[in-house]
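Got your viewer open and your selection tool ready? Let's take a walk through this one stop by stop.

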Amino acid sequence: MSSSPFARVEQAPPDPILSLADLFRQETNPKKVNLGVGIYLNDQGVNPVLKAVKQAEKLLLEQETTKNYLGMDGDPDYGRLTQHLLFGADHPVVKDKRAATLHTPGGTGALRAGGDFLRGVLGVKTLWVSDPTWPNHKGVFNAAGLDVKTYPYYDAAANQIKFSEMTAALAKIPAGDAVLFHACCHNPTGIDPTTAQWKDMVALAAKGGWIPFIDFAYQGFGGEPEADAESVRLFAGAGVGFLVANSYSKNFGLYRERTGALTLVAADAAEAGRVMSQAKLTVRANWSNPPAHGGLAVKTILMDAALTQLWREELTAMRERIWSMRKLFVKTLKDKGVQRDFSFLEKQAGMFSFSGISKDQVLALRAKYGIYMVENGRINVAGMTTGNMDYLCSAVADVLKG
Ligand code: LMR
């Protein structure tokens, strides 16, 4: 080609999380350990397909009669069952039909649809995220045309939320801006607000007139799914209009099936209907209508009592294995003579911990031991196993000495 239209395209920077997964695949160290991308691994180091999902997929394969498009908002039962998981089946938001739910390609699709709705339908210009947050939030919301700013969240020295700084910042956010929260299992820090702190934030939203947007990617990884939904239910109970993006990647293990939902909570059923009509247009301009398979698997499980029970047991087992790895990691480091106190890991919830391991130490762990974690020191605790713990803790002890 004499002159390529792409000649001036520059090399993009690597994605801080997904590029690590590529590097890990290429890593040749036979003892390699993946604590990077947030996927659940079992004690054999394998990301399993849940038994409940396998059974639902078998039923789907037998019973599916068409590959016709779903509606722009996806399968209606899936939307209804998603609302039950978010709010509880008897919540007034559900009973009074105040919520509009779109079935989306993953939690990321839900965030993007929400961002497009905020920008395109409501005319919102700025969205505030916690410092730090999941790095892709900025990419998704910038792509939707929103300016992304941060509010204080994490106090690294004390391993806790900077709550008074955070509320002081939230109190100054102009009405009409949007504010993103993590419902539970904050990514990357693993530190969540208490009930009392959530109540303060709900009150600030009601007073300040900004729009809460809750990212809910880890329901069931902090505690029971209902307990993890506390923040969502507090906002719903306060009569504040808000958005929730939820994902079934982690709690149903449906990562590659891209299964999520965006729910917009309105003042009444008529408003929710108008909101849904506009939300469908944002979908039409993006992916037109969602992929069916993962959503239909979730629906099949949630419509069947025995499959729901099996799913809940499997979710509990995943959560408890992560808790046991947190404890074992802290204990093994101590046994290896590491002086630094890592006991804060046992107070954090979900897959992630902000370990306090520096960027240089992260890079040393990668180069010397084939141990992968995000450069900011975030570790995916779900990548630890009883088999790799000794190797991992010896390596961490070594780089902390250096
Ligand atoms: C993570 O934070 O590792 C996960 O949410 C996966 C992703 O898409 O980044």
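Which residues in helix 2 meet which residues in helix 12? Select Ala52, Val53, Ala56, Glu57, Leu59 and Leu60 in helix 2, then His293, Leu296, Ala297, Thr300 and Ile301 in helix 12, and you have both sides of the meeting. Contact here means heavy atoms within 4.5 Å. Helices (H or I, at least four residues) and strands (E, at least two) are DSSP runs, numbered from the N terminus.

Before you click on, two ground rules. This is a predicted model, where local features need pLDDT of at least 70 and side-chain atom pairs count only at pLDDT 80 or more, while totals for chains, interfaces and linings use all residues. Residues are numbered from 1 along each chain as its sequence is written, and side-chain values use heavy atoms, with hydrogens and water left out.

**Stop 1: two crossing helices**

Stay with helix 2 and helix 12 and look at how they cross. Their axes come within 9 Å and cross at roughly 105°. Axes are lines fitted to C-alpha atoms, for helices over the stretch in contact, and angles run from 0 to 180 degrees between N-to-C directions. The crossing makes helix 2 roughly perpendicular to helix 12. For that wording, angles under 35 degrees count as roughly parallel, over 145 as roughly antiparallel, 65 to 115 as roughly perpendicular and the rest as oblique.

**Stop 2: salt bridges**

Side chains of opposite charge can pair when their charged atoms come close. The rule used here asks for a side-chain nitrogen of Lys or Arg within 4 Å of a carboxyl oxygen of Asp or Glu, and by it the count comes to 16 salt bridges.

Pick Asp75 and Lys299, whose side chains meet in a salt bridge of 3.2 Å, N to O. This pair links distant parts of the chain: Asp75 is in the loop between helix 2 (51-63) and helix 3 (76-87), and Lys299 is in helix 12 (residues 293-302), 224 residues apart. Are these two buried or exposed? Asp75 is buried at 10% relative accessibility, and Lys299 is buried too, at 18%. The cut-offs: buried is under 20% relative accessible area, exposed is over 50%, and partly exposed is in between (1.4 Å probe, protein chains only). Now add Asp77 and Arg80 to your selection, and you'll have a network of salt bridges with Asp75 and Lys299.

Next, jump to Asp22 and Arg25, a salt bridge with its closest N and O atoms 2.7 Å apart. Both lie in helix 1 (residues 18-26), 3 residues apart, about one turn of the helix. Asp22 is partly exposed at 37%, while Arg25 is exposed at 61%.

Then try Lys331 and Asp335, another salt bridge, at 2.9 Å from N to O. They are 4 residues apart in helix 13 (residues 305-335), so about one helical turn separates them. Lys331 is partly exposed at 49%, and Asp335 is exposed at 54%.

**Stop 3: rings**

How many aromatic pairs does the structure hold? There are 17. Rings of Phe, Tyr and Trp (its six-membered ring) pair if their centres lie within 6.5 Å; planes under 30 degrees apart count as stacked, over 60 as edge-to-face and the rest as tilted. Select Tyr151 and Phe181, a tilted pair with 6.1 Å centre to centre and 50° between the planes. Tyr151 lies in strand 4 (residues 147-152) and Phe181 in strand 7 (residues 178-182), so the pair ties together parts that are 30 residues apart in sequence. Tyr151 is buried at 1%, and Phe181 is buried at 2%. Add Trp198, Trp210, Phe235 and Phe242 to see the cluster that ring pairs link together with Tyr151 and Phe181.

Now for charges over rings (NZ of Lys or CZ of Arg within 6 Å of the ring centre and within 35 degrees of the ring normal). The charged end of Arg378 sits over the ring of Phe352, 3.7 Å from its centre. Arg326 does likewise over Trp323, with its charged end 5.8 Å from the ring centre.

**Stop 4: backbone oddities**

Most residues other than glycine have a negative phi, and most peptide bonds are trans. Zoom in on Asp131 and Pro132, joined by a cis peptide bond with omega about 5°. Finish at Ser288, which is not a glycine but has a positive phi of about 75°. You'll find Ser288 in the loop between helix 11 (269-286) and helix 12, and it is buried at 18%.
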